[in-house]
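Visitor: Got a minute to walk me through this one? I'd like to start with what you mean by buried and exposed.

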Amino acid sequence: MSKHLSLIEALLSAQDAAPSHPPESSVIQICDFADEMPGGFFIYRADGAEEIIYVNKALLRIFDCADLQEFQELTGNSFRGMVHPEDLRAVEESIRLQIAKSQYDLDYVEYRIIQKGGSVLWVEDYGHFVHSEAVGDIFYVFLADATEKHHFQEKERSALLDENILKEELLRVQAEEYNEVLEHINDELGRRLELIGGLSIDYESIFHVDLDEDIIQPYRVSDREEYQFGKDLQVRHFVGFAERYIETWIYPEDRELFARAVDPNYIRQTLSTRKSFRTDYRIVKNGRTEYLQIFIVNVGKTEKVTQIMVGCRSVDEGIRQEMERSRILENALSQAKAANIVRNTFLSNMSHDMRTPMNAIVGFTSLAKSHLDEPERLKNYLNLISEASSQLLHLMDDVLEISWCESGDAGMEEAPCSLMDVAKSVQREILPIAEKKNIQFSISFQHLEHGDVCTERRKLEQILVRLAENAVKYTEPNGHVTVTFAEQNASGQFASYQFRVEDDGIGISEDFIKHIFEPFERQKNTTLSGVPGTGLGLPIVKSIVDMMGGSIDVSSRVGVGSTFCVNLSLRLQEDMRPAPVEMPPAVLSQQRILVVEDNELNMEIEVELLEDAGFLVDTAENGKIAVEKVMASQPGDYALILMDIQMPVLDGHGAARAIRSLEDPVLSSIPIVALSANTFDEDRKMSAESGMNAHMAKPIDVPKILELIEQILSQRQSEREGTSWPGCPESPGATS
Ligand code: ADP
């Protein structure tokens, strides 16, 4: 340090020396040495204005100054004047900090200077701070031109910067591409998750299981499993995960089944041959059994089964529906079986009951053919044939009637009706068959104060006729059958009646009574004894009674007799009916009837029967011809038309409508009676709607149709003569 100082002091003294006192030669040598240094060298004061106290020649060259004076003018002879104003503050601060830190009071700074000519140079400054008692605190500094080096460094820096920018850009592009791919993957992942979510919507719990790692990762869990996996769906060990679930929830009988389904060995073994398997099990929830299903799928790609998905879902509704379906099926099956048994019984009865009259018809017809010349025998055969035919017809009527009742289309049509008339009809029907069997038949009345009611007369008659027919049928000759009309009480517009049909016939066993109203059921002794029947009469009666809102009871003792009681509440007529007038006798003969019928055989029978009864008969093969014939006729030519319904070209309804719309009032009002094989209420209604006066069943029942024709013609006659005949013409089996 002292060496430095003495050197500095020498330099300073040399610079300050007056020309009259030239410095010592050693000092001159030092100055020369300093001036000869290739780099700049200067000394300045560390305090105050940082006055420069020494500069060498090289420094003057750096500043492009010819001499010290020029330098001093340029810099103000201070360090601050040397440094570029923009760099000064940083340079001073840097020097201060370096000196404070440096053990050897050294500093290094780079900065710009402005040459005399105005050019800017970069310089390197190696400074050394020195404290001297003699000269105070000073810096002596070596300064070198670093412009080139700086430019070179700048270039390198900018090249590096460019390279970095390039790299950064590359990274940015790559990052963008990566982001795009990532976004795409995320979208796809989202879609797949939505898809999985959608497909697995039925599953209340879904897990992924790694069998090798023994890990179960939940994705969705039901309330029952939440306590195991927590709300944040934590990963658990697979083996044993279900132990608590099994114990808490699963139906004791199904626990083993479930435990096996989640056993890794069982899973591996089962999934080695197929992609998935399901196991149904039951849980108990709020005391109610619920059906669930565990579904396990192999989702790994390796051959070894390691990655699986496990889903649990409720199959309660499905299983219950299935159970309900099979219950319904079982019921249907047993019903079908029962119906089958009933039908088979019916068919065997039917075949017996049909064969009997058919055999009679066929047999007696061939007998009749071979005895044409023996009138007595022939008559007998024909009687037997007609008896068998009516049996057959009866059977068919019953079958049609029961199917009509069972179809649910049947309805009630109330109209004013006299119970006395009903009684007469029943008597008219039953008396002949009872007499034939030598059975005493009677009708009695008890407290019948209200005989005029509103009901469907045909149905009430049907009930009583069928019950009375049975009574006659199942009573031995010399027996008794009674039909009683009893009024029980009346209040307001209604009165309740009991219609009793009693016999002292064969009776009905207790066992059979339970089945007596079931279709096709017949008591064994009746079938064995060969009494014809279908087992449909009583079901028909029961259906009609039900339809009328009534009830039917039966009491019977085998060998003593039976009583059928029908209870009905009937609306009373508001006594507005005028008293009936006696019908004047009709003049039947010489009246012309137009028979409209497409079936040749039927036509022949009808024509013969009517001619036998004294009518003149004209014919038409279809409705169109009938209309043409009526149009071509003179008013009064045809007294009545018997109209078939089903016919080609124009059917009976169409023909009736056409006739009713004729201009001539006499022609358009010719009475028309429908003759049809279809005799349901619906058919009767259609006939009435198309303007026909009555509807009768085929085949023709001669007495009935003659009675009907007589009624209609008498009515016409009395109308013409100005006598009114109230009500509609009616006869058994015919309605208006
Ligand atoms: P069908 O008389 O055509 O056989 P029903 O339905 O009218 O059919 O009667 C069913 C069965 O009930 C009859 O076969 C007969 O065995 C029994 N039955 C009906 N009415 C009587 C009666 N009054 N007395 C004895 N048995 C009867």
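Guide: Sure. Buried means under 20% relative accessible area, exposed means over 50%, and partly exposed is in between. Keep in mind that this is a predicted model.

Visitor: Okay, try that on Glu124. Buried or exposed?

Guide: Glu124 has a relative accessible area of 10%, so it counts as buried.

Visitor: What does Glu124 form a salt bridge with?

Guide: With Lys149, and the closest N and O atoms are 2.2 Å apart. That pair links distant parts of the chain: Glu124 sits in strand β4 (residues 120-132) and Lys149 in helix α7, 25 residues apart.

Visitor: And how accessible is Lys149?

Guide: Lys149 is partly exposed, at 37% relative accessible area. In general, side chains of opposite charge can pair when their charged atoms come close.

Visitor: How many salt bridges are there?

Guide: The count comes to 31, taking a side-chain nitrogen of Lys or Arg within 4 Å of a carboxyl oxygen of Asp or Glu.

Visitor: Give me one inside a helix.

Guide: Glu461 and Arg457 form a salt bridge, with 2.5 Å between the closest N and O atoms. Both are in helix α15 (residues 457-473), 4 residues apart, which is about one turn of the helix.

Visitor: Which of Glu461 and Arg457 is buried? Start with Glu461.

Guide: Glu461 is at 10% relative accessibility, so it counts as buried. Arg457 comes out at 21%, so it counts as partly exposed.

Visitor: Got another one?

Guide: Yes, Lys542 with Asp546, where the closest N and O atoms are 3.1 Å apart. These two are separated by about one helical turn because they are 4 residues apart in helix α18 (residues 537-547). Lys542 has a relative accessible area of 28%, so it is partly exposed, and Asp546 is partly exposed too, at 42%. Elsewhere, salt bridges that share partners join Glu50, Arg80 and Glu92 into one network.

Visitor: Switching topic. Which residues form a nonpolar patch on the surface?

Guide: Leu189, Leu193 and Ile196 do, and together they have about 290 Å² of accessible area.

Visitor: Where's Leu189 in the fold?

Guide: Leu189 is in helix α7, which covers residues 147-199. Leu189 is at 46% relative accessibility, so it counts as partly exposed.

Visitor: What about holes inside? How many cavities of 30 Å³ or more turn up?

Guide: A search of the whole structure finds 2 of them. The second largest has a volume of about 30 Å³.

Visitor: Which residues line the second largest cavity?

Guide: The lining is made of Phe207, Glu225, Phe241, Tyr245, Phe258, Ile294, Val310 and Cys312. By type, that lining divides into 7 nonpolar residues, no polar ones and 1 charged.

Visitor: Any odd backbone angles?

Guide: Two to look at. Asp105 is not a glycine, yet it has a positive phi of about 55 degrees. Asn478 is also a residue other than glycine, and its phi is positive, near 75 degrees.

Visitor: Remind me, why flag that?

Guide: Because most residues other than glycine have a negative phi.

Visitor: Where is Asp105 found?

Guide: Asp105 is in the loop between α6 (85-101) and β3 (106-114). With a relative accessible area of 24%, Asp105 is partly exposed.

Visitor: And where's Asn478?

Guide: In the loop between α15 and β15 (480-491). Asn478 has 55% relative accessible area, so it counts as exposed.

Visitor: Last topic, the far end of the numbering. Where is Gly623, and what's its relative accessible area?

Guide: Gly623 belongs to helix α20 (residues 623-632). Its relative accessible area is 0%, so Gly623 is buried.

Visitor: How far apart are Gly623 and Ala656?

Guide: In sequence, 33 residues; in space, 8.1 Å from C-alpha to C-alpha.

Visitor: What about Met603 and Glu621, how far apart are those?

Guide: They are 18 residues apart in sequence, with 8.6 Å between their C-alpha atoms. Met603 is in helix α19 (residues 600-612), and it is buried, with a relative accessible area of 11%.

Notes: Residues numbered from 1 in each chain as written. Predicted model: local features only at pLDDT ≥ 70, side-chain atom pairs only at ≥ 80, totals over all residues. Heavy atoms only, no water. Patch = residues over 30% accessible without salt bridge, like charges linked within 9 Å, V, L, I, M, F, W, Y side chains within 5 Å. Areas by Shrake-Rupley, 256 points an atom, 1.4 Å probe, with all protein chains shown as cover. Buried < 20%, exposed > 50% of the residue type's maximum accessible area, 1.4 Å probe, protein only. 1 Å grid on protein atoms, 1.4 Å probe; cavity = no way out; pocket = protein on both sides within 12 Å on 5 of 7 lines; lining within 4 Å. Points joined across faces, edges and corners; volume = space filled by probe spheres on them. Nonpolar A, V, L, I, M, F, W, Y, C, P; charged D, E, K, R; others polar.
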